[in-house]
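Trainee: I should like to learn how features of a protein model are read. May we work through one together?

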Amino acid sequence: MTRRPVPVALLAIALLSCSDAPSYAAFVAYDNAHMSAGTGSDAGPVTGEGSTGAETGAEADADTGTSEATGTGGTSDGEGSTVGDAELVPPRILAVDVPATVHLAGPVPLTVTADHATAIRGTLDGVELELFEDQGGGVWVGRAPIFGAVDNGDHVVEVTATNGPLVDAWPAVSFTVKTPAPGGQAWALTAASGVAAGAAVTRDGDLLEVGSFEVDGVLKPSIRKRSRVNGGELWPEETIVLDDREGAAAAVAVAPDGRIWVALNVKGADKKWRPRIVQLDAEGHATGIEVTTEAGPTVRGVAVDAAGIVAVGFAGSGLGDMDVMTWRMLHDGTAMYAAKPWDYVPLVLDPMPHKFDDLAFDVVIVDGAAWVVGASTGKHDGLGYDPTTRGFVVRLDLETGEALGPAAIAVPVNALRNSMFLAGAPHPDGVVVVGNESNDDGTTQMLTLQAFNASNARTYHASEWSAAVAYGTGVAWSAHGTALITAVVHDGQVLRGVLLGRGGPGANFDHLFPGTEPSAATDLALDAYDQVFMVGERTIGGVRLARASRVHQ
């Protein structure tokens with residue numbers, strides 16, 4: 001029997017199946033029914049056209065160390081200065097080298113050659129840059145951050161050298177940024193049979209892609225690392241299989257020191273599914289540190305802070321409903337809590353617990369709290385009404401797992417009384433979430449983007465892309481206020497993965513996966529310069545292939 005393409009139906013399937021099937025397979029059961037049954041130096045290279053700076057600046061006065069064009073630097077009379085018994089020699093900038101034209105987002109290298117300098121400072125369009133690094137031999141290197149098309153146009157760099165109280169300034173140097181428009185594809189690659197389900201960015205700005213990889217006809221949890229420059233695989237093993245059992249990785253996060261945490265679900269010899277939350281080193285190899293888990297729950301999301309990780313999922317409560325489950329472990333392997341339940345109880349409508357089925361799909365650490373996002377099914381409109389599914393956000397204490405207040409429950413929009421929140425990300429107000437909204441019979445679905453603050457106020461709401469199937473799978477909020485959303489939508493007669501940019505004129509775009517066979521976009525991650533890595537899958541010739549790409553922003 002064909003399943004109806006409705007979020008509530010999908011949620012019901014997940015509820016019925018979570019004890020004996022991985023959550024990913026359960027949740028996208030409709031997708032699978034319509035997919036093929038086949039076998040199933042920077043954020044990007046900076047390309048410069050020539051250079052500018054040294055050849056255009058004023059000649060430095062060899063005696064005083066001041067630039068003739070500015071008359072600054074050294075002391076007012078051109079003499080040295082003393083600090084204690086030591087005489088300071090005036091600093092002197094000899095050259096400033098900046099690419100004349102920058103074509104890709106990333107850190108633009110700024111090279112300064114100077115004598116007698118103890119520090120080099122610079123500004124980009126009047127905004128202070130990080131201190132330049134001393135390379136030795138009078139050479140200093142700094143970086144100007146460029147965030148892509150939002151920075152297209154002319155920019156000005158100003159540089160000063162200091163030695164104690166003495167200063168030398170170089171005339172302003174300009175350069176031009178001319179990068180591709182948002183939504184354009186930098187590179188895209190498919191891998192061997194499997195699915196890419198989660199994405200994260202390493203400290204070096206490369207992509208970590210997790211999901212499943214087919215080995216001898218069986219899908220197993222996997223991870224691979226791709227170059228930010230061209231998508232090439234960077235590990236000698238290329239794809240690393242994380243468990244010999246059947247299963248899939250659902251999420252990945254990178255710790256401040258570069259270690260990697262992966263949340264996965266595997267099927268044991270007893271045919272029961274169990275979660276694993278494992279720590280890897282920066283090369284993708286197990287460190288031996290792993291969260292203690294047991295069969296039953298499903299893990300869906302993981303987030304890191306400086307101290308450790310928090311992971312979320314769901315499991316049967318044993319009391320007739322489903323509860324959110326949370327895990328917390330420190331990076332050194334110290335367990336804080338495991339499979340700690342959270343149960344939504346709407347005190348005003350029904351003071352009795354275990355009347356709502358609650359599933360967590362993602363978690364975000366913001367302001368020292370774990371913001372858990374998911375969906376809850378029950379009588380949200382009162383005891384006399386039929387059950388509906390509503391997206392929720394709840395803040396939990398990181399160290400205890402206790403709720404820091406009541407959950408924020410999505411408000412219905414006209415006939416779209418059902419909703420689900422499937423992914424979250426930090427937002428200036430607190431957290432931004434993405435998922436979908438639908439009417440009661442599921443014939444209409446829309447992508448939804450919403451933001452909430454710590455007081456449970458919804459500060460942003462937008463819906464679009466009305467279709468038989470439409471749900472967001474990943475979200476990020478850029479430094480310049482653009483929302484980036486991965487999603488799966490019914491496009492004509494096929495399911496299609498999409499990446500949407502929503503941020504006003506110049507930042508709005510719809511990026512669709514190519515091809516006439518089904519596809520899905522399952523997650524995204526932004527690098528330090530707001531460029532988008534996206535993962536998912538495509539069916540080509542009846543075979544489902546993991547897909548990763550980088551898209552300009």
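The dialogue below moves from the whole chain to one sheet and then to one residue.

Mentor: Please keep in mind that this is a predicted model.

Trainee: How many helices and strands does the protein chain have?

Mentor: The chain holds 3 helices and 40 strands. Of its 553 residues, 57% count as buried. The chain exposes about 21,700 Å², and carbon and sulfur atoms supply 51% of that area.

Trainee: How should one read a sheet, and in what order do the strands of the sheet containing S18 lie?

Mentor: In general, the strands of a sheet pair through backbone hydrogen bonds, in either a parallel or an antiparallel manner. Here, 4 strands form an open sheet in the order S18-S19-S20-S21, and the pairing is antiparallel. Strand S18 (247–254) and strand S21 (286–290) are the edge strands, each pairing on one side only. From one strand to the next, the twist averages 30°.

Trainee: How many bridges join S18 to strand S19?

Mentor: There are 7 bridges between S18 and strand S19 (residues 260–267), and the two run antiparallel. Among the bridge partners, Leu264 in S19 is matched with Ala249.

Trainee: Let us turn to a single residue. Where is Gly137 placed, and why is Gly137 counted as exposed?

Mentor: A residue counts as exposed if its relative accessible area is over 50%. Gly137 lies in the loop between strand S9 (133–136) and strand S10 (139–146). Gly137 counts as exposed because its relative accessibility is 81%. Thr113 is 24 residues from Gly137 along the chain, and their C-alpha atoms are separated by 8.5 Å.

Conventions
Residues are numbered from 1 along each chain as its sequence is written. This is a predicted model: local features need pLDDT of at least 70, side-chain atom pairs count only at pLDDT 80 or more; totals for chains, interfaces and linings use all residues. Side-chain values use heavy atoms; hydrogens and water are left out. Two strands pair if DSSP finds at least two bridges between them. Axes are lines fitted to C-alpha atoms, for helices over the stretch in contact, and angles run from 0 to 180 degrees between N-to-C directions. Buried means under 20% relative accessible area, exposed over 50%, partly exposed in between (1.4 Å probe, protein chains only). Accessible areas come from the Shrake-Rupley method with a 1.4 Å probe; for residues, only the protein chains shown count as cover.
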